[in-house]
Amino acid sequence: MQGNKKHRIVVDEPDIPFEYRIIYCDENIIAVDKPHFLPVTPRGMWHASTALIRLRRQFDNPDITPAHRLDRATAGIVIFVRRSEARRAYQMLFQNREVSKMYECVSAIKPVEMPKTGVVRKLCDPSVFPLERMSRIVKKRGIMQAFEQIGPANAKTVIETVPGTQYVFPQSDARIYRLYPETGKTHQLRVHMNSLGLPIAGDDLYPKIIERAYDDFSSPLQLVARKLSFADPFSGKNMSFESDIPLQAP
């Protein structure tokens, strides 16, 4: 069984003690609710402790491939493709922005700051939220943080608050925000929230880099890919998946 072969470069790989939950599976795809800290694909010091390799071993299928990206720090819904013949169809859904995504995060209850670059547009004036944040985000190889610069916008996010006391953490002056990315730049949601003066709770990159041990799981980034929906390219059926990973007060 290929999925059970030991990989030579991960003999001393540190384990990540969190497991995904499979919430849907058919002949073409597997929908996974990924926990914080678990990488989607092998990178750096992790190979076996990634969602991809664990799935390949579980299903004894080396053809399983992710249809899209999700940061290691971010929890929530990830779609994997089971057959190589179906891979392009699902990956193109994401590339062509034919997938509806909704994220939830925790940040402070405070006035929005005006970013140095880009555009902030109120969508229900005079209320601050919902708002649309557009900017140009650049991520350079070898640099941990992405940054915004002057130029044509390449990243767009709609941000809203959610009515109801269950979405507020009074003890920490924080609340849950819903984020709707219309583009998929690296660290887009983290950069956009930080640019508004609302960095996401538990973020160790924005506004500043916080060094943590690789096995420090004490402060997960409070960002979850909560809901993902699309029309299946083969059946035409409307598919919708929702994460049940909870958000916590900072």
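**From the whole chain to one pocket**

For a chain of 250 residues, a compact globule would have a radius of gyration near 18 Å, and because the protein chain has 19 Å, its value agrees with that expectation. The model is a predicted one, and every value below has been computed from it. Taken along the principal axes, the C-alpha atoms of the protein chain fill a box of roughly 60 × 45 × 40 Å.

Within that outline, the secondary structure of the protein chain comes to 3 helices and 13 strands. If we look at the contacts between residues with a separation of 6 or more, we find that 61% of them are made by residues 24 or more positions apart in the sequence. Of the 250 residues, 45% count as buried, a term that here stands for under 20% relative accessible area. Turning to the outside, the accessible surface of the protein chain comes to about 13300 Å², and carbon and sulfur atoms account for 49% of this area.

From the whole chain we can move to a single site, the second largest pocket, which holds about 300 Å³ of space. Its lining is made up of 16 residues, and those that lie nearest the centre of the pocket are Lys 116, Glu 148, Val 191, Asn 194 and Ser 195. Two elements, the strand β8 (147-149) and the helix α3 (188-195), each supply at least two residues of this lining, and the largest share, 3 residues, comes from α3. In chemical character the lining of the second largest pocket is mixed, since its residues divide into 7 nonpolar, 5 polar and 4 charged.

Technical notes. Residues are numbered from 1 along each chain as its sequence is written. This is a predicted model: local features need pLDDT of at least 70, side-chain atom pairs count only at pLDDT 80 or more; totals for chains, interfaces and linings use all residues. Side-chain values use heavy atoms; hydrogens and water are left out. On a 1 Å grid over the protein atoms alone, a cavity is a set of points where a 1.4 Å probe fits but cannot get out, and a pocket is an open set with protein on both sides within 12 Å along at least five of seven lines; lining residues have an atom within 4 Å of a point. Grid points are joined across faces, edges and corners, and a volume is the space filled by probe spheres set on the points. Helices (H or I, at least four residues) and strands (E, at least two) are DSSP runs, numbered from the N terminus. Ala, Val, Leu, Ile, Met, Phe, Trp, Tyr, Cys and Pro count as nonpolar, Asp, Glu, Lys and Arg as charged, and the others, Gly among them, as polar. The radius of gyration is taken over C-alpha atoms; the globule rule is 2.2 Å times the number of residues to the power 0.38. Buried means under 20% relative accessible area, exposed over 50%, partly exposed in between (1.4 Å probe, protein chains only). Contact means heavy atoms within 4.5 Å. Accessible areas come from the Shrake-Rupley method with a 1.4 Å probe; for residues, only the protein chains shown count as cover.
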